[in-house]
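Open the model in your viewer and keep the selection box handy. Each stop below gives a selection, then what is there.

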Amino acid sequence: MDSTAPPTAPRLAPLTGTKDSLPALSATRWQVMSTLRALYSSWGYAPVEVPAIEPYDPTHPAAARAFKLVDGSDVLMLRADFTPSISRLIQAQEAGLRPTAAIKAGSPQLISPEVASSIDKPPNEGNAFVDDLQSTGVYRYQYSGALWQAHTPTIINPREFTQIGLELIGSASTRADVELIHLARESVRAVGLVPRVDLGNPGLIRKLLDLAGIPKADQERVATTIDRKDVAGLSSLLEPYTLAPDLRNALLATPDLYGGVDVLDRAHKLMPWPDVADDVRHFEAVIAEFEDVSELHIDLAMARRLDYYTGITFRAYTTESAQPLLGGGRYDGALLPHAAGFALGLERVVTVLPHVYAEAPLVVSNDDVAARRLRAAGYSVSRALATSPTSLRAEAVVMDVPFVLMNGQLEAVKELTPELENLQHALQVSLNADTPDENTTASI
Amino acid sequence: MLKATKKLTIALPKGRVRDTSMALLQEAGLNLTLDGNSRALRHESEDATMFELRNSDVPTYVELGIADAGIVGKDVLLESQSNVYEPVDLGFARCHMSLIRARGDKGPIRRVASKYPNVAATYLQRMGSTAEVIKLAGNVELACLTGLADAVVDIVETGSTLRANNLEELNVLFYSSARLIVNRTSLKFKDAQLRPLIANLRQAVQAEASVLYNA
């Protein structure tokens, strides 16, 4: 205890692991959010929102880390992961709208009549899309908001953080994986950073561990050594198992299977087992869809959450940050039959961006009608608190605002630089412009 | 945050481990030199910048990307719970982590003292024990001789402290040795420098091991 502090000093800092955002930080956060929301919308991802409190469910993937709340006899938890909530939302939506029935009825909003008429034919290679649709519809959803996790907070893992993400539900095709990788790369580019996307496949690692006869209970531990590239630890964990030499070699080689696309050639040679080779081929098919692979890298040792991720997973990095900016992948069967998505950590992105200026007002005004014209033209105008001209000018000076607007007259209170002079001219043009009748505008 | 430069930044713990580490890194082709000033905390050489840190700070510097790589004992690494790569077991600074108590003590273990509270708590939880953990900063063995705790979790190198104080090891939690740890992003962006370093270190360690076992 600091004995010099007054005993009643209020605690001003927010709870450890949470953060205030002052205008400069907040404006940057908003800008990143709106850039990414617009990006995802432009690719056809519709926004959805889910509640921040939900019933406590011990089978929820983040149940152990969730903050629990008690409401009467109910145990609730704060949202600790978006994906399960979005899955629930989709299941709820599906319960009210059976796409199979809708397709069979040739429902126009879901599917074109030609496709609809083809679904009673026996499935063939060209029908994979329709096969997918028969089990569930295709949904492209984006979300954003705060998450809370209860743990000892660190710089890297705070208690409260914000994610922006998306889910592509209802297809397990190569094209779906490719779309998400495209969007992961675009997300980093959109905020002005240079991306590097690392691709892995925990499903492939799980198949290797199954082949090796490693019991499910021990697989996560073995996978962790692979994920940490801890060859020594991996080798000692594998020691008790009698493994064919080629299988042991393949497992011990996985931590070093990272780099360019040539990694897949090495994987092919090391892993001839049909199931595993299928995964490597799927990887090749995904890579083949990209004209420019320079920002794509493969790391087959990415092996976290084996019980959850089933296919390609990825993380996006940038040189400015020691932490990945986003992560995600395919989790078929974990929550929904065919599902993949990713989430970007807003704080991680904002930390490495220069802060934008918060939009400060340009004018202080006591003239509501004229102010409305300026606001309609996109300028930020603050309504004066002062009543007399002198105190109105003083108010502008205190607020560091360059112009005052009094009874229709625009006046500069700062020394006019050429820049401010242009601005004054532009403001004057907006004030003089013929605007539609005020009453009409108001009624719109 | 990560520097744009391609020069590596290496975090090493002060003391004996630093000297062994420098020799190994040298052997692996990374030329590190000590600044003439003995008080220097940061040593610049052509290939790399080297930070000299307290060993428990090495994982922090590497996880946050201030250092691209570092060398630290597995004991300290496990305690730090940091999310880094650990591609090479360097094989030196060998010791093991044990559950220790006064020889002949048969009472229940309700309280465990340790310099490694995370390691101790994880172990106790795995063993189904509900014992509480007290964090101490040093001379941990004294805790179970004075009644502060019923047992301690600590590293054992030669066992001479245990013998001198009439203590015994009940269980070995794990064996520890020095590890090369690497920041996850650094490995991706400084692949050209780090991949050969990792390969050379593995080779150097293997050569050393074969000399030992074939002697």
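Start with helix 6 of chain A, residues 174-190. Its 17 residues should span 24 Å at 1.5 Å a residue, and the end C-alpha atoms are 24 Å apart, so the two agree. The expected span of a helix is 1.5 Å times one less than its number of residues. Helices here are DSSP runs of H or I with at least four residues, strands are runs of E with at least two, and both are numbered from the N terminus.

A word on the model and its labels. This is a predicted model, in which local features need pLDDT of at least 70 and side-chain atom pairs count only at pLDDT 80 or more, while totals for chains, interfaces and linings use all residues. Residues are numbered from 1 along each chain as its sequence is written, and chains are lettered from A and ligands numbered from 1 in the order in which they are written.

Stay on helix 6 of chain A and color its buried residues. Among them are A:Ala176, A:Leu180, A:Ile181, A:Leu183, A:Ala184 and A:Val188. The buried set also includes A:Asp177, A:Arg185 and A:Ser187. Buried means that 20 or more other C-beta atoms lie within 10 Å of the residue's own; exposed means 12 or fewer, and partly exposed is in between, with C-beta atoms placed from the backbone. After the helix, pick A:Gly192, whose phi is positive, near 90 degrees.

Zoom out to chain A. Its secondary structure comes to 17 helices and 16 strands. Of its 444 residues, 32% are buried. Take the contacts between residues at least 6 apart in sequence: 62% of them join residues at least 24 apart. A contact needs two C-beta atoms, placed from the backbone, within 7 Å.

Next, select A:Val413. This residue sits in the loop between strand 16 (409-412) and helix 16 (418-432) of chain A. Is A:Val413 buried, exposed or partly exposed? It is partly exposed, with 17 other C-beta atoms within 10 Å. Draw a distance to A:Val397: the two C-alpha atoms are separated by 7.0 Å, with their positions 16 residues apart along the chain. Beyond four places in sequence, A:Val413 is in contact with A:Arg393, A:Ala396, A:Val397, A:Pro402, A:Phe403 and A:Val404.

Now cross to the interface. The predictor gives the complex an ipTM of 0.88 and a pTM of 0.84. 14 residues of chain B are in contact with 17 residues of chain A. On the chain B side, strand 5 (85-89) and helix 7 (184-189) each give two or more residues. Strand 5 of chain B gives the most, with 4 residues. By class, this side has 7 nonpolar, 3 polar and 4 charged residues. Ala, Val, Leu, Ile, Met, Phe, Trp, Tyr, Cys and Pro count as nonpolar, Asp, Glu, Lys and Arg as charged, and the others, Gly among them, as polar.

Select strand 5 of chain B. 5 of its 5 residues are buried, so the strand is largely enclosed by the rest of the structure. Add strand 11 (residues 178-182) of chain B: 3 bridges join the two, and they run antiparallel. Strands pair if DSSP finds at least two bridges between them. Look for B:Val88, which stands opposite B:Leu180.

Step on to B:Asn183, in the loop between strand 11 and helix 7 of chain B. B:Asn183 is buried, with 29 other C-beta atoms within 10 Å. B:Glu63 is 120 residues away in sequence, yet 5.5 Å away C-alpha to C-alpha. Residues that B:Asn183 touches include A:Ala322, B:Val62, B:Gly65 and B:Val84.

Move to helix 1 (residues 16-27) of chain B. Its 12 residues reach 17 Å, close to the 16 Å expected. Which of its residues are buried? They are B:Ser21, B:Met22, B:Leu24 and B:Leu25. These cover an arc of only 165 degrees around the axis, which puts them on the same side of the helix; the arc is that of the directions from the helix axis to the C-beta atoms. The face turned away carries the exposed residues B:Arg16 and B:Asp19.

Last stop: B:Asn166, between helix 6 (160-164) and strand 10 (167-176) of chain B. Its phi is positive, about 55 degrees, although it is not a glycine. B:Asn166 is exposed, with 10 other C-beta atoms within 10 Å.
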